[in-house]
Protein chains: 4
Amino acid sequence: MIQSVAFIGLGAMGYRMAAHLPKHFEQVLVWNRNFAKAKQHAAMYGTQAVSLQDAVQADVIFSCLPTSADVEQLLADLQLKSGSIWVDCTSGVPESAKKLAQQLKKDGVYFLDAPVSGQTIGAEKGTLTVMIGGDAAAFQKALPAIQAFGGLIKHVGESGAGFAVKAVNNMLMAVNLCAVAEGFTTLKAHGVELSEALDCINASSGKSMVTETIFPQRVLTREFPVTFALPLLAKDTGIALDLAREAKLATPVLATARNMIQAANASSDNVVDFSSAVKMYESWSKITLE
Amino acid sequence: MIQSVAFIGLGAMGYRMAAHLPKHFEQVLVWNRNFAKAKQHAAMYGTQAVSLQDAVQADVIFSCLPTSADVEQLLADLQLKSGSIWVDCTSGVPESAKKLAQQLKKDGVYFLDAPVSGQTIGAEKGTLTVMIGGDAAAFQKALPAIQAFGGLIKHVGESGAGFAVKAVNNMLMAVNLCAVAEGFTTLKAHGVELSEALDCINASSGKSMVTETIFPQRVLTREFPVTFALPLLAKDTGIALDLAREAKLATPVLATARNMIQAANASSDNVVDFSSAVKMYESWSKITLE
Amino acid sequence: MIQSVAFIGLGAMGYRMAAHLPKHFEQVLVWNRNFAKAKQHAAMYGTQAVSLQDAVQADVIFSCLPTSADVEQLLADLQLKSGSIWVDCTSGVPESAKKLAQQLKKDGVYFLDAPVSGQTIGAEKGTLTVMIGGDAAAFQKALPAIQAFGGLIKHVGESGAGFAVKAVNNMLMAVNLCAVAEGFTTLKAHGVELSEALDCINASSGKSMVTETIFPQRVLTREFPVTFALPLLAKDTGIALDLAREAKLATPVLATARNMIQAANASSDNVVDFSSAVKMYESWSKITLE
Amino acid sequence: MIQSVAFIGLGAMGYRMAAHLPKHFEQVLVWNRNFAKAKQHAAMYGTQAVSLQDAVQADVIFSCLPTSADVEQLLADLQLKSGSIWVDCTSGVPESAKKLAQQLKKDGVYFLDAPVSGQTIGAEKGTLTVMIGGDAAAFQKALPAIQAFGGLIKHVGESGAGFAVKAVNNMLMAVNLCAVAEGFTTLKAHGVELSEALDCINASSGKSMVTETIFPQRVLTREFPVTFALPLLAKDTGIALDLAREAKLATPVLATARNMIQAANASSDNVVDFSSAVKMYESWSKITLE
């Protein structure tokens, strides 16, 4: 039985995810590097803003940080409670998950890699998709806490498997982002009405999340709202390619898309939305996707 | 007012599409190179199997053939009726549509490129997506006939625009087919459970028609049912790339995927389903996607 | 026996190529759209500046124009002499060579596609490489005239074969241009001294004309002298890819390089040297190749 | 002054490289895992076959092993002499060179990464190209020993720079291997005579080491002599791509070629020559490059 839960990292996602925990657990501890945010969360949702060392004494500890390197750095100095479960919702590196799981196991602590998808809206509604790698029994034990913010929750394999699925998911999205940008500049160059073409494709075999929501909501509107920064997508495509590299697999389409995201990222400043990658194609073609 | 309609080419798609016409029109003429099929259609659906020259005297003539070259060859010897509208549902070449439209216009005949998507099941239910290029007034005039088998029906631009949208749609599907094969051999190499991963991705930003239906229904089941032959997909990706070439655009992701489809096609016999393209990746990785 | 030769198109290459002809033939006719240049050539080298219609009455007619389309347009209005041989030194389209060869044959005229390589310096010295497609007997007959400016002269196959070899040659150069730019920005990012690296590679298996002359002379010097415009290289890579397309071959590396050249070309103005394509990689990496 | 030199790893390259040392140094120690080979070398060239621990007491120690992992493993258990210089001629990993250099420095030992190119023939003649990263003073000190087997010897930068240049060199060769295979299947599909085409390209801008020696000597002859195994080339392309990855650079042409080498390698058994990679293209095109 889970007596206490903690949430480390109250960014755009974590802040909303942690907000669901008090509905299900009496003791919910929160910590954030910028601690004012933790206190704000406590005031707003009835959680307790505590020191990092106190937070990690909970039965289940969630983390949601920018990268696996941040998680590793955090964990380096912490003393955890035997029997506790660390659920890392970062979009992290499979290799790091394996290493941390092995390392924490020595102290009787389980590490689950549990990245989420569904964006801030899914975090707010508590309907996130959670893809989880690691010990199956620990997964079962932590499940009630994960359900607080999760909709579809899947145990996809051993340590690292959760991060791997997330990286491949984002890679597939990146592939579509590039491919649709390439296809739609081509169509516009031939005088095709893009929104009509989009309707057709969304009723056909070429549809994807990119054609269904990203292009109509972010690109064709020219809004490019910054909800997921392009450098983070570049990072995720790198993780996916590393997985292919380790397995010695040939993945030419993923590799080409990854390189285009890299090029688009190198041509942009750091705070643009991932969807801005299409602007590289626009600059090449002198065509605006609208 | 449309008095008579004709349907030329009773293949897997055409046969089912033409079957809806008698519900809306009194005179429905059908023709097929293998004429026995036309007579069978007539017996089954109350259409009239007639000679090609008679068929093309209808007010609206549909064609549904393997390639634009077949349509061009057919039209070369025909005398059409002024004021009639030729609606070509072939997955054809935009350049050919422009040429035929210009050519037929001299005889007062309109040519609409009107490829469909939705497969045989959509043809059977009359819910096909139809993407149409050509004269807007002719489109309006032919619309009632197209509605017999169409669900979403869109006028997407001038002559060739319909074929262009279809080619790009199929190209996007091909990109996903390759990308998902690359991503899923990678995941399996790392011990990830594929069907669980698929569930996660289908609730996330990486989803596409390929992850939603093609992989679970055709690949993971190992069925690869032949409904759309790989050489035809290879042809369509070639059409899409030609459009990019003509517009002098850089489309590296589409080009790489097109080359992989080409390689997969070159490694297969001609009668395999398009989804069999993943087998090239399986042979590279010694991993079976199941 | 060749009594008279003509040279059509006195650009940077043609002007120098035609200059060798008077050493070997008594009657050398020249023509150029900007006719002042023809008169200048005549004054300088003892050729005769004549009307186009007069020029094409020679036994052997050379042409050297920007594209096959220019050659086709020129030939459309000309009446040629039966038994003459048209030697087209344009970097042209194989399909066009086949068409022109077939067309001219009706008038008893042979068409050889005979593109050259070796740049203006090779034209000046009369040491150009000439790769020739077309009728073998016509090749033998025209050979003495070709030898006026050619060093290595090879009959490589039927009509179109010469253009094909030239297109593939330029495609291979484009591949190296991109690959070396990618490799050298990578090396510089890791603090490697580029000129030392170049020396090593030029003594090793990675060497190419790009590492031996183009990078040291044009890129690392930051001179980018305009001797072969980037749009022409983009055109040639398109010709090479079309050959692959027609043969239904998978050429992923060529296709990717072609797309990068296309992107670089789209990002540049029209009068830059082909070597400027590396600047796209420089802008991506914020690294200057010097 | 160098009093003694050692050579660790007497494979096809090392055996020949070490043979030059007795001409310049009195004490030449050799060691090989299969020790019989060391004794054979001693008998043949007047070197001394000694234990590994004895060998590494030399002033300059050369190593030439399959991978950096082998070198790291070897060094893990060794006690080196302060002031000595380790010259690693393996085609290794830059990151590993940096790590080893830093690690050995603590014991007053210098580590130079010094991969070679020129194949067994260059090793035999003592004309290898040696590209060296690491401390400049140590390089100067070791130079007389390196000159025993080196022709062109270049200090290209800090630790890792030598391995980086070698990896990029081999990557460029791999790019040409793929590109020429793609280009030449295309030419042959169009009826072009390959050896004539090769002559033309070797006199033109598309030439490379691949067109000058690898294709005529290994591929067109159908000999594919096993001098450098395909898995090793696959490894080297991976090293090159990792360098790009670390520097966050977009290298689409290198990435595509690397994936093709990976695919070709996955389709081959382990003991084929790198030039056999072209057979993947042959199987796709049903064209034999001869």
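**A buried histidine and two chain contacts**

Biologist: Which residues does His41(D) touch, not counting residues up to four places away in sequence?

Modeller: His41(D) is found in helix α2 (residues 35-45) of chain D, helices (H or I, at least four residues) and strands (E, at least two) being DSSP runs numbered from the N terminus. Contact means heavy atoms within 4.5 Å. With residues up to four places away left out, the residues touched are Leu10(D), Tyr15(D), Ala18(D), Ala19(D), Val30(D), Gly46(D) and Thr47(D).

Biologist: What kind of model is this, and which pLDDT values apply?

Modeller: Residues are numbered from 1 along each chain as its sequence is written, while chains are lettered from A and ligands numbered from 1 in the order in which they are written. Side-chain values use heavy atoms, with hydrogens and water left out; totals for chains, interfaces and linings use all residues, whereas local features need pLDDT of at least 70 and side-chain atom pairs count only at pLDDT 80 or more, this being a predicted model.

Biologist: Is His41(D) buried or exposed?

Modeller: Buried means under 20% relative accessible area, exposed over 50%, and partly exposed in between (1.4 Å probe, protein chains only). The relative accessibility of His41(D) is 0%, so His41(D) counts as buried.

Biologist: Which side chain does the side chain of His41(D) join in a polar contact?

Modeller: A polar contact is a pair of N or O atoms within 3.5 Å; within protein, one must be able to donate a hydrogen and the other to accept it, and residues adjacent in sequence count only if both atoms are side-chain atoms. The His41(D) side chain reaches a backbone oxygen at 2.9 Å, that of Tyr15(D). Between side chains, a polar contact of 3.0 Å links His41(D) to Thr47(D).

Biologist: What axis relates chain B to chain A?

Modeller: Two copies of a chain are related by a rotation about an axis and a shift along it. Superposed by least squares on the C-alpha atoms of residues with pLDDT of at least 70 in both, chain B can be laid on chain A with an RMSD of 0.1 Å, by a turn of 180 degrees and a shift of 0.0 Å along the axis. That is the relation of a two-fold axis.

Biologist: Which residue of chain B has the C-alpha nearest the axis?

Modeller: The residue in question is found in the loop between α9 (194-202) and α10 (209-219) of chain B. Its C-alpha is 1.8 Å from the axis, and the residue is Ser208(B).

Biologist: Which side chain is joined to that of Ser208(B) by a polar contact?

Modeller: At 1% relative accessibility, Ser208(B) counts as buried. Beyond its neighbours within four places in sequence, Ser208(B) is in contact with residues of two chains, including Ser208(A) and Lys207(A). The polar contact of 3.4 Å joins the side chain of Ser208(B) to that of Asn176(B).

Biologist: How much area do chain B and chain A bury between them?

Modeller: The contact takes 62 residues from chain B and 62 residues from chain A. 100% of the interface residues of chain B are also interface residues in chain A, so the copies meet through the same surface. Buried area is the accessible area (1.4 Å probe) that two parts lose on being put together, summed over both; here 70% lies on carbon and sulfur atoms, and the amount is about 5,000 Å².

Biologist: How many salt bridges are counted between chain B and chain A?

Modeller: A salt bridge is a side-chain nitrogen of Lys or Arg within 4 Å of a carboxyl oxygen of Asp or Glu. One of them pairs Asp199(A) with Lys154(B) at 3.0 Å, N to O. The count between these chains is 6.

Biologist: Which three residues supply the most of the area that chain C buries against chain B?

Modeller: Chain C and chain B bury about 1,200 Å² between them, 46% of it on carbon and sulfur atoms. Three residues supply 43% of the area that chain C buries here, more than any other three: Arg245(C), Asn259(C) and Gln262(C).

Biologist: Which residue of chain B forms a salt bridge with Arg245(C)?

Modeller: Between chain C and chain B the count is 2 salt bridges. In the bridge of Arg245(C), the closest N and O atoms are 2.2 Å apart, and the partner is Asp242(B).
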